[in-house]
Each structure stands twice: as C-alpha cells, then as structure tokens.
Amino acid sequence: MSVWKKLFTAVKGTATEAAQAVVDTQAIKILEQEIREAKDELRKSDHARTQILAKCKLSQQKVDGLNKSIGEYEAHARKAIDTDRQLALDCAQRVSELRGQVETEQTYLDQFTKSEKQLAGNITQAKNNLRRLEQQVDMIKATESVQRAQVAVSSSHLGANSKMKTATESLARIQEKQNLRNAELEAAEELAQSESSDDLEKRLAGAGIKGGQASADDELSRILGK
C-alpha cells in the first residue's frame with residue numbers, strides 16, 4: 001500500500017471515528033426521532049387497516065344482500081312453479097346469476113379479511129416492539145441521569161480532596177514559619193541572658209568579690225606563705 005493511500009485510509013478512519021462519536025453523543029435524540037417516525041408510520045398503518053375494515057364491511061353487506069336476494073328469488077321460483085313455469089325458470093336463472101355474484105364478492109371479502117388479519121397482527125407486533133423500545137429509551141435516559149449525578153458527585157469529591165491537600169500544605173508552611181519565629185525568640189532571649197550574666201561577672205570581679213586582681217593578690221600571698 002502506497003504512503004498516500006495509507007494517509008487517505010487514516011484520514012478516512014479518523015473522519016469515521018469523529019462521525020461515530022457525534023452519532024454516539026446524539027444517540028438518544030436520534031432514537032427518539034426514529035420512534036416518532038415509527039409512530040407516524042403506525043398511524044398510517046392504522047388508517048390503512050380502517051380502510052380495509054370498511055371495505056370488508058361493505059363487501060359483507062353486499063354478500064348478505066345477494067344472499068337475501070337469492071332467498072327471495074328461490075321463494076318466488078317455488079311459488080311460480082305451479083302457475084308459471086317460465087317465471088319460475090327466470091327466477092332460477094336469477095338465482096344462478098346471484099350465486100355467481102356472491103362467489104365473486106365472497107372472494108373479495110375473504111381477501112380483505114385475510115389482509116386485515118395479517119395487517120392487524122403486524123401492527124400489534126410493531127406496537128409491542130415500539131413499546132419495548134420506548135421503555136428501553138426511558139431506562140437509558142434514567143441511567144444517563146444517574147450516571148451524570150454520580151460523575152458530578154465524584155468530581156466534587158475530587159475537587160474537595162484537592163482543596164484539602166492545598167489547605168494542608170498551607171497549614172504546614174504556617175506552622176514552619178511559627179516554629180522558626182519561636183526559635184528566633186528563644187535565641188534572642190538566651191543571648192540577652194548571656195549578656196546580662198557577663199555584666200554581673202564583671203561587676204563582681206571589679207568589686208574584688210569574685211575573680212579579678214584582688215583574688216590574684218590573695219593567691220600570691222597564699223603561695224608565699226604570708
């Protein structure tokens with residue numbers, strides 16, 4: 001595979017992934033739109049079934065009307081057979097024609113009835129599938145809301161931990177400064193005490209009470225036995 005072809009394939013793959021990512025983020029909206037479109041189609045199917053039912057009803061009325069006419073002409077034929085054979089034959093011929101019309105109309109009626117039953121079954125199945133799909137969408141939306149809440153809580157917790165860590169570090173720095181200040185104060189106090197002690201020693205030495213020239217004279221006298 002040439003380099004250009006590989007680059008083209010890579011760009012094509014990236015575009016596909018980007019398009020898929022967009023589709024994934026809008027999946028619920030797309031699904032809801034598809035459900036609305038499916039409902040529109042089901043409404044059209046219901047209307048078509050209504051039309052077929054109307055045709056079934058009309059066809060059944062024709063069949064019933066023809067059968068009623070057959071019964072009437074059969075009665076006429078039976079009445080006319082004793083007085084007017086030709087009239088009876090005409091009635092019988094009419095009955096034969098009506099029976100042919102009934103067979104034709106019954107064929108239409110059977111076809112309409114079969115189509116209506118098949119359509120009704122398909123519509124029922126489609127409505128059940130659509131109802132299950134709507135339930136799944138509701139579950140997906142509810143789960144999405146719960147997960148968003150969990151993510152918000154988790155993010156808040158992470159933010160709190162981060163803030164707590166920053167506060168702890170600030171406290172440690174303050175404590176370190178306070179310890180350093182205490183050490184400086186203690187050192188200053190010790191230095192002041194040391195200077196005060198040296199001054200006192202000088203004053204004692206000058207008074208000949210402790211150390212100094214007077215003590216040296218006393219020590220020399222002790223050595224010479226005086």
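## Salt bridges and nonpolar cores between two helices

At 42% relative accessibility, R99 counts as partly exposed, because that value falls between the 20% limit for buried and the 50% limit for exposed residues. The structure described here is a predicted model, and R99 is a convenient place to enter it, since R99 forms a salt bridge with E74 in which the closest N and O atoms are 2.7 Å apart. That pair links distant parts of the chain, with E74 in helix α2 and R99 in helix α3, 25 residues apart. E74, like its partner, is partly exposed, with a relative accessible area of 25%.

**Charged pairs**

Side chains of opposite charge can pair when their charged atoms come close. A search of the whole structure returns eight salt bridges, and the table sets out three pairs, among them the one just described.

| Salt bridge | N to O distance | Separation in sequence |
|---|---|---|
| E74 and R99 | 2.7 Å | 25 residues |
| R49 and E116 | 2.7 Å | 67 residues |
| K141 and E32 | 2.9 Å | 109 residues |

In the pair of R49 and E116, whose side chains meet at 2.7 Å from N to O, R49 lies in helix α2 and E116 in helix α3, so the bridge ties together parts of the chain that are 67 residues apart in sequence. R49 is partly exposed, with a relative accessible area of 30%, whereas E116 is buried, because its relative accessible area of 10% is under the 20% limit. The bridge between K141 and E32 has its closest N and O atoms 2.9 Å apart and links K141 in helix α3 with E32 in helix α2. K141 is partly exposed at a relative accessible area of 36%, and E32 also counts as partly exposed, at 22% relative accessibility.

**Nonpolar cores**

In soluble globular proteins, nonpolar side chains tend to be buried together. The largest nonpolar core in this model has nine residues, namely I52, C56, V63, L66, I70, V95, L98, V102 and L109. The elements that give two or more residues to this core are α2 (27-80) and α3 (85-206), and α2 gives the most, with five residues. A second, separate core of five residues includes L42, I123, L130 and V137.

Two members of the largest core can be followed in more detail. L109, placed in helix α3, is buried, with a relative accessible area of 4%. Not counting residues up to four places away in sequence, L109 touches C56, S59, Q60 and V63, and the C-alpha atoms of L109 and S59 are separated by 5.6 Å although the two residues are 50 residues apart along the chain. I52, leaving aside its neighbours within four places in sequence, is in contact with F112, E116 and L119; E116 is the residue that also pairs with R49 in a salt bridge.

**Record annotation and surface patch**

An unreviewed UniProt entry places the feature "coiled-coil region" at residues 21-48 and 116-143. In the model, residues 116-143 are 100% helix and 0% strand, with the end C-alpha atoms 40 Å apart.

L220, I223 and L224 form a nonpolar patch on the surface, which together has about 320 Å² of accessible area. L224 lies in helix α4 (residues 212-224) and counts as exposed at 55% relative accessibility, because that value is over the 50% limit.

Methods: Residues are numbered from 1 along each chain as its sequence is written. This is a predicted model: local features need pLDDT of at least 70, side-chain atom pairs count only at pLDDT 80 or more; totals for chains, interfaces and linings use all residues. Side-chain values use heavy atoms; hydrogens and water are left out. Patches are made of residues with over 30% relative accessible area and no salt bridge: like charges are joined within 9 Å, nonpolar side chains (Val, Leu, Ile, Met, Phe, Trp, Tyr) within 5 Å. Accessible areas come from the Shrake-Rupley method with a 1.4 Å probe; for residues, only the protein chains shown count as cover. A salt bridge is a side-chain nitrogen of Lys or Arg within 4 Å of a carboxyl oxygen of Asp or Glu. Helices (H or I, at least four residues) and strands (E, at least two) are DSSP runs, numbered from the N terminus. Buried means under 20% relative accessible area, exposed over 50%, partly exposed in between (1.4 Å probe, protein chains only). UniProt positions are given in the numbering used here, feature names are shortened, and annotations may be inferred rather than shown by experiment. A nonpolar core is a set of buried Ala, Val, Leu, Ile, Met, Phe, Trp, Tyr and Cys residues joined through side-chain atoms within 4.5 Å. Contact means heavy atoms within 4.5 Å.
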